[in-house]
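Trainee: Please give me a close look at one chain of this assembly and at how it meets its neighbour. I would like the criteria stated along with the values.

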Amino acid sequence: MRSERRAGRGSLPGRQVRLTTTAVVTAVAAATVLAACGGGGTAEAGGVKAPGAVPELTDEPLTLSFIWFEWPPAQALEDFANAEYAKERPNVTVEVNTVPNANWHDAMFTQFAARQTDFDIAILDSQHIGEAVTNGNIVELTDFIEGNVETDAFDPYLLAAYGQYPQAETGQRDESASMYGLPLLGDTWTMIYRKDLIGDEPPQTWDEMISVAEQCQAENPGVSGLAFHQANGSDAAAVTYNTVNGLYGGNLWDPQERQIDGIINDEAGHRAMDVLVNEMKPLTATGSGNWFIDEVNAAVAQGKACIAFNWIAASGGLLDPEQSTLGESREEILDTLGFATLPTQETDLVPLGGMGMHVSAYAPDERQAEALNFMKWFLQADTQKKWAAAGGVPARTDALESPEFLGAGPFNQVYADSVARMRDMWNVPEYARLVDIENTSVNAALNGAMDPEEALDSIAVEQQEVLDSSGSGGL
Amino acid sequence: MARSLVVRARPARSSGGRVRRLVEVVLLAVLAAAMLFPVLWMLETSVKENRDVYAVPAKLVGFDITLDHYRDVFVGPAGGASDLSVALLNSVVVAGASTVLATVLGVPAAWAYSRFTLRAKKDQLFFILSTRFMPPVVVVIPIFLMYRQLGLIDTQLGLILIYTAFNVPFTIWMMKGFVDQVPSEYEDAAMLDGHTRFQAFRRITLPLLLPGIAATAVFALIFSWNEFVYAIFLTSSQEVRTAPPAIAGLIGGTTVDWGLVAASACVFALPVLVFAYLVRKHLVAGVTLGAVRR
Amino acid sequence: MVLTNEHPVQEVTSTPPAPVRTSRLGDRGLAAVFISPAMLLLLAMSVFPLLWALSLSFTNYSATGSAPAEFVGFANYAEILTSEAVRRRALTTLVYVVGAVTLQTVLGFGIAYLISRRTRGRGLLTTLFLVPMMLSPVVVGLFWRFMLDAQFGVVNSMLGSLGIEPVEWLTRQETAMVSLIVVDTWQWTPFIMLIALAGLTAVPRYLYEAASIDRASEWFRFRNITLPLVWPLLLIAVMFRAIEAFRLFDLVYILTNGGPGVSTETLSFHVNKVAFLGFNTGTASAYGILMVVVVIVLAQIYLRYLNKLKED
């Protein structure tokens with residue numbers, strides 16, 4: 001120790017400092033240059049267009065990689081693709097790589113940011129399209145679709161929802177807009193209700209549903225009237241509010257004017273928030289303020305909810321007798337649980353879920369070609385029917401109406417009936433921040449951390465700020 | 001010296017001593033129970049049927065035991081090795097290699113810092129420590145971009161390097177403390193006998209440092225074994241992914257197989273626990289060795 | 001200076017050290033060889049990315065965008081330092097770090113003290129108490145989330161059997177932060193305990209023996225022998241814990257996701273959102289650099305105090 005101090009006093013601070021400063025400055029300069037290089041340069045990645053016809057395919061062994069998040073449809077897709085696509089293209093292996101749901105967006109876009117992806121086909125939520133397109137991360141498919149996909153066989157909104165940018169108006173497709181993706185899996189909310197507690201017939205209007213739930217809760221101690229998504233992660237609370245907002249005649253924004261403030265928090269919007277926080281929330285279980293898909297399912301499976309709302313694609317486990325206390329077999333459970341489309345109120349809107357397939361702009365040419373071929377194959381009539389039979393939700397109208405689909409599960413009819421009613425959120429590039437604002441504020445209102453009216457107004461103001469600044473700034 | 005400690009005498013009472021000991025034992029037992037209960041709960045959950053996992057009120061006893069979850073950890077749905085078992089193996093490789101590497105790099109450096117007078121030693125040491133201050137989420141993108149250039153994305157080597165870089169600072173700091181406690185007189189004596197400084201280090205000091213190395217290695221191992229953020233962003237394929245992202249991936253989507261999560265967590269925790277138990281003597285005794293404090 | 005009875009200090013050498021057999025490397029060379037590999041690795045893996053982030057912090061770069069980085073000077077820093085949102089997260093982080101580290105220190109030291117009083121089974125006890133620390137924070141978060149669930153959680157079940165109403169641990173502002181602190185304490189108390197135990201067992205027995213010969217009270221022994229000797233080691237452990245708690249991300253992410261609303265969002269959590277929600281890489285880098293600066297400054301002050309203690 002003593003020798004240390006001596007040495008310390010003896011060292012030459014001046015030269016030391018100068019040396020250190022020079023080193024740091026050099027390193028910073030190098031890093032800046034690298035950053036600048038990393039930022040610019042690859043301009044060709046933005047605006048990659050797929051050709052009108054599928055390019056020549058290789059005969060070499062090839063692995064086509066998807067990226068999705070971890071849930072049963074991912075495994076289903078891999079199995080299905082390897083079983084069926086291999087018949088057409090025996091040299092191709094399909095791999096679906098998965099990440100945890102919470103990291104899904106970040107993991108994909110981090111790879112996009114690096115301008116090199118491990119995956120060839122990205123499965124994006126419809127709301128991510130804007131971000132991916134603006135940054136040039138996915139391939140434009142407009143010309144390709146024209147020659148290779150029978151667009152007449154599809155409900156135009158379904159095509160638009162998973163691929164069009166700029167976003168389509170609810171229920172319509174803009175024929176002149178560009179397309180960047182194709183539907184993979186359709187999804188929407190289903191109402192799940194206890195036939196033994198509230199009867200066979202589901203409520204028809206939202207108000208009716210609330211009073212039925214109230215009564216059911218009063219008559220059945222230990223069972224709560226409602227169960228729905230409230231968490232502040234992913235898009236849980238936001239979708240819940242948006243659904244109620246739509247049903248009570250509200251709007252999320254005016255796309256033409258890019259106006260949110262004044263639109264989302266208009267009278268209908270406030271009414272919807274009031275219904276959500278003051279009428280629906282009291283009918284949920286204690287501590288349900290952070291519920292998402294899994295917790296709602298658990299509540300239903302344990303018999304603790306009269307009426308629940310959840311994504312169809314996530315509801316398959318409800319029929320599994322291993323996980324449920326409602327019955328020893330699938331039939332018994334089906335006797336107890338009913339599935340129906342959402343009740344209506346001012347409108348009959350339901351939330352649009354599901355995902356589309358998009359081609360990574362950074363995949364090598366032969367894999368891009370294979371990806372295009374896969375997508376073309378996937379949207380053919382017979383493939384869509386087989387996908388329905390394998391448990392997927394197809395997008396082709398004839399497949400949706402086919403007995404293979406409708407018979408494959410009790411909620412498939414719900415989906416078929418809901419197609420015409422679906423409404424999506426904004427798919428602008430700033431989507432992630434907009435949904436985060438809405439998620440956290442609605443969650444705060446639901447958990448008593450914020451007054452519901454103030455919450456809605458603050459959502460409007462903050463979202464407007466983000467939209468106006470086009471996402472720059474960041475905080 | 002003993003005299004200066006006398007202030008006030010109080011006759012020791014043996015009965016008071018016994019009461020005191022009892023209180024201590026009880027306190028210890030209560031604390032141990034509180035600390036271990038969640039772990040026991042996790043063990044219980046890993047052998048419950050999923051139906052019982054969500055039971056309200058929670059079932060502490062009186063449920064059927066099943067080993068299915070443990071089987072599912074290792075055996076995939078198709079019968080071959082499950083993805084989780086591959087992930088576990090990756091964790092072993094990555095954590096083991098980075099711990100060894102951090103020790104190999106850190107111990108000599110710590111010894112050098114302790115023995116030699118170097119310019120701006122304190123600043124160098126502080127600089128080494130400060131590399132741990134950055135929240136990983138901010139550095140992930142530059143590292144990701146760097147790795148892309150070097151082709152280290154989605155490789156075990158990439159993870160090993162970053163984990164080593166994270167463990168080296170802690171290793172150096174902790175080992176320096178241990179080295180400070182080994183008198184340099186031993187080395188001086190050895191050098192008087194004709195050894196070089198390096199030989200003195202190798203033959204005299206290093207064996208005395210083993211307990212310290214063991215203790216430090218445990219910490220390095222824990223960090224590398226459980227790390228999540230870098231693993232999520234720097235690896236994506238099943239072949240390379242380590243266990244924490246794999247286990248986190250069991251959540252979210254549809255109904256969670258909590259039994260499987262619990263079983264994976266238990267299996268995952270076991271190697272580290274075993275290793276710590278093996279070196280438990282050194283964990284505590286390491287610091288007391290040759291304690292000539294400076 | 002503390003001496004043990006096992007290794008008495010050698011006779012002070014008044015003669016200068018005899019000429020050493022020269023090896024190919026002098027002391028200087030040996031130091032360089034021993035230190036440089038570690039230094040190089042750190043420079044490449046920690047310093048370089050840090051500097052890169054530093055340079056990015058002066059730009060408005062977005063990692064996903066195709067536009068090159070534009071220099072904006074200190075605009076990012078100004079925005080962060082004046083932001084109400086950041087100030088709120090800073091307060092949350094402060095509450096969390098202070099609360100958690102204090103609790104961990106008290107508990108950790110207490111457990112270490114209790115263990116050090118035992119004569120048998122120390123190794124086993126130590127390992128048992130170490131278990132929480134060995135677990136992955138992701139796993140810990142998931143399981144505590146499950147245990148603290150207001151409906152399905154075992155904690156509320158047990159409270160219910162005592163007649164207490166279920167508590168909304170994770171969804172109410174008041175209790176969410178408490179839950180976070182409790183879980184972090186549960187996981188990291190063993191860290192403090194281990195270091196405190198190491199310090200406690202290093203206290204030479206003869207000091208206690210001398211004290212008991214003079215019939216000193218337990219409290220006296222604790223206050224004048226145990227505490228002063230363990231104190232510096234404990235302070236180092238506290239510093240490490242505080243730094244780690246400041247950087248904490250996994251636990252908040254899994255346990256509350258910053259909720260309800262944003263009331264448990266810490267700085268580390270917030271910077272993750274800024275970095276990956278809008279991919280505002282420039283702003284996020286500035287945020288991260290500021291966090292590092294804060295920690296460096298505080299740590300320097302702390303260490304200076306610590307060195308003063310050692311020299312006393």
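Mentor: What follows takes chain C, then its interface with chain B, then the ion pairs, and ends with the contact of chain B and chain A.

This is a predicted model, in which local features need pLDDT of at least 70 and side-chain atom pairs count only at pLDDT 80 or more, while totals for chains, interfaces and linings use all residues. Residues are numbered from 1 along each chain as its sequence is written, chains are lettered from A and ligands numbered from 1 in the order in which they are written, and side-chain values use heavy atoms, with hydrogens and water left out.

Chain C has 12 helices and zero strands; helices (H or I, at least four residues) and strands (E, at least two) are DSSP runs, numbered from the N terminus. Read from the N terminus, its elements run α-α-α-α-α-α-α-α-α-α-α-α. The radius of gyration of chain C is 25 Å, well over the 20 Å that the globule rule gives for 312 residues, so chain C is more spread out than a compact globule. That radius is taken over C-alpha atoms, and the globule rule is 2.2 Å times the number of residues to the power 0.38. Along the principal axes, the C-alpha atoms of chain C fill a box of roughly 70 × 70 × 30 Å. Of its 312 residues, 59% count as buried, where buried means under 20% relative accessible area, exposed over 50%, and partly exposed in between (1.4 Å probe, protein chains only). Among contacts in chain C between residues at least 6 apart in sequence, 68% join residues at least 24 apart; a contact means heavy atoms within 4.5 Å.

Now the interface with chain B. Here 108 residues of chain C are in contact with 111 residues of chain B. The two chains bury about 10100 Å² between them, 80% of it on carbon and sulfur atoms. Buried area is the accessible area (1.4 Å probe) that two parts lose on being put together, summed over both. C:Phe34, C:Met134 and C:Arg247 supply 7% of the area that chain C buries against chain B, more than any other three residues.

Polar links across this interface can be listed briefly. There is one salt bridge between chain C and chain B, a salt bridge being a side-chain nitrogen of Lys or Arg within 4 Å of a carboxyl oxygen of Asp or Glu. C:Arg117 forms a salt bridge with B:Glu24, with 2.9 Å between the closest N and O atoms. There are also six residue pairs in polar contact across the interface, both residues at pLDDT 80 or more. A polar contact is a pair of N or O atoms within 3.5 Å; within protein, one must be able to donate a hydrogen and the other to accept it, and residues adjacent in sequence count only if both atoms are side-chain atoms. Helix 1 (residues 27–56) of chain C gives the largest share of the side that touches chain B, 20 residues. By class, that side of chain C divides into 78 nonpolar, 20 polar and 10 charged residues. Ala, Val, Leu, Ile, Met, Phe, Trp, Tyr, Cys and Pro count as nonpolar, Asp, Glu, Lys and Arg as charged, and the others, Gly among them, as polar.

B:Glu24 also forms a salt bridge with B:Arg20, the closest N and O atoms being 3.2 Å apart. B:Arg20 and B:Glu24 are four residues apart in helix 1 (residues 14–46) of chain B, about one helical turn. B:Glu24 is buried at 11% relative accessibility, whereas B:Arg20 is partly exposed at 27%.

Within chain C, C:Arg205 and C:Glu209 meet in a salt bridge (3.9 Å, N to O). They too are four residues apart, in helix 8 (residues 205–213) of chain C, and separated by about one helical turn. C:Arg205 is exposed at 63% relative accessibility, and C:Glu209 is partly exposed at 41%. Elsewhere, salt bridges that share partners join A:Asp436, C:Arg89, C:Glu265 and C:Lys273 into one network. Over all chains the count comes to 25 salt bridges.

Finally, chain B against chain A. This contact takes 32 residues from chain B and 38 residues from chain A, and the two chains bury about 3100 Å² between them, 55% of it on carbon and sulfur atoms. The count of salt bridges between chain B and chain A is zero, and so is the count of residue pairs in polar contact with both at pLDDT 80 or more. Helix 6 of chain B supplies the largest share of the side of chain B that touches chain A, three residues. That side has 14 nonpolar, 10 polar and eight charged residues.
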